[in-house]
Amino acid sequence: MNKKFLKKIIAHSSEDLRLISAFCSGGKVKISELKYLPKNKIFLVFINRIINEIENKKDRVNSIIKFEYIYSSKSKNINQTNMDLKLELIAIDLFKKDQNYEIILLFSNNGFITLTAEIIDVVLEDLKD
């Protein structure tokens with residue numbers, strides 16, 4: 001029986017975050033679908049990604065990546081005034097700096113977003129059609 005199911009992956013370590021990065025690599029993101037909520041310490045990414053978890057499958061699914069406990073967000077080489085600009089997510093990387101983590105979202109054309117967090121708490125969740 002071929003059942004559809006929604007995926008939810010929770011990352012609390014660098015290994016978990018690498019899995020989310022692999023699943024989201026090649027995903028398309030619009031500038032208008034990147035949201036930083038500083039009061040809630042949340043950064044949201046709405047992404048249209050290829051279903052990489054099934055071999056030889058090229059279907060796409062809409063997903064949300066939710067980063068929690070984010071204290072700051074910085075971007076470089078991304079034109080934030082063009083809300084229709086589409087970016088391609090290449091990878092999500094993680095670095096430890098002093099007592100904090102820096103989560104790097106690397107996009108095509110050398111654009112990136114750096115998120116600073118005290119702990120790693122990331123969720124990738126597929127959305128219904």
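**Figure 1. Close-up of N109, an exposed residue at 73% relative accessibility.** In this predicted model, N109 occupies the loop between β8 (100–107) and β9 (112–117). Its phi is near 60°, a positive value in a residue other than glycine. Most residues other than glycine have a negative phi.

**Figure 2. Close-up of K41, a second view of backbone geometry in a loop.** K41 is found in the loop between β3 and β4 (42–50). K41 is not a glycine, yet has a positive phi of about 60°. With a relative accessible area of 32%, K41 is partly exposed.

**Figure 3. Close-up of the salt bridge between D126 and R49.** Side chains of opposite charge can pair when their charged atoms come close. In the pair of D126 and R49, the closest N and O atoms are 2.9 Å apart. The pair links distant parts of the chain, with D126 in strand β10 (residues 122–126) and R49 in strand β4, 77 residues apart. D126 counts as buried because its relative accessibility, 7%, falls under 20%. R49 is also buried, at 0% relative accessibility.

**Figure 4. Close-up of the salt bridge between E88 and K28.** The closest N and O atoms of E88 and K28 are 3.3 Å apart. This pair too links distant parts of the chain: E88 belongs to strand β7 (residues 86–97) and K28 to strand β2 (residues 28–30), 60 residues apart. E88 is partly exposed at 30% relative accessibility, and K28 is partly exposed at 36%.

**Figure 5. Close-up of the salt bridge between K66 and E68.** Here the closest N and O atoms are 3.8 Å apart. K66 is partly exposed, with 30% relative accessibility, and E68 is likewise partly exposed, with a relative accessible area of 23%. The model has five salt bridges by the rule applied.

**Figure 6. Close-up of the second largest pocket, with a volume of about 200 Å³.** Residues that line the pocket include I31, L34, Y36, F43, I78, M83 and I113. K35, S73, K74, S75 and Q80 also belong to the lining. Strands β3 (34–37) and β6 (70–76) are the elements that give two or more residues to this lining. By class, the lining comprises seven nonpolar, three polar and two charged residues.

**Figure 7. Close-up of a nonpolar surface patch formed by Y69, Y71 and I119.** Together these residues have about 280 Å² of accessible area. Y71 lies in strand β6 and is partly exposed, with a relative accessible area of 40%.

Key. Residues numbered from 1 in each chain as written. Predicted model: local features only at pLDDT ≥ 70, side-chain atom pairs only at ≥ 80, totals over all residues. Heavy atoms only, no water. 1 Å grid on protein atoms, 1.4 Å probe; cavity = no way out; pocket = protein on both sides within 12 Å on 5 of 7 lines; lining within 4 Å. Points joined across faces, edges and corners; volume = space filled by probe spheres on them. Helix = DSSP H or I, 4+ residues; strand = E, 2+ residues; numbered from the N terminus. Nonpolar A, V, L, I, M, F, W, Y, C, P; charged D, E, K, R; others polar. Patch = residues over 30% accessible without salt bridge, like charges linked within 9 Å, V, L, I, M, F, W, Y side chains within 5 Å. Areas by Shrake-Rupley, 256 points an atom, 1.4 Å probe, with all protein chains shown as cover. Salt bridge = Lys/Arg side-chain N within 4 Å of Asp/Glu carboxyl O. Buried < 20%, exposed > 50% of the residue type's maximum accessible area, 1.4 Å probe, protein only.
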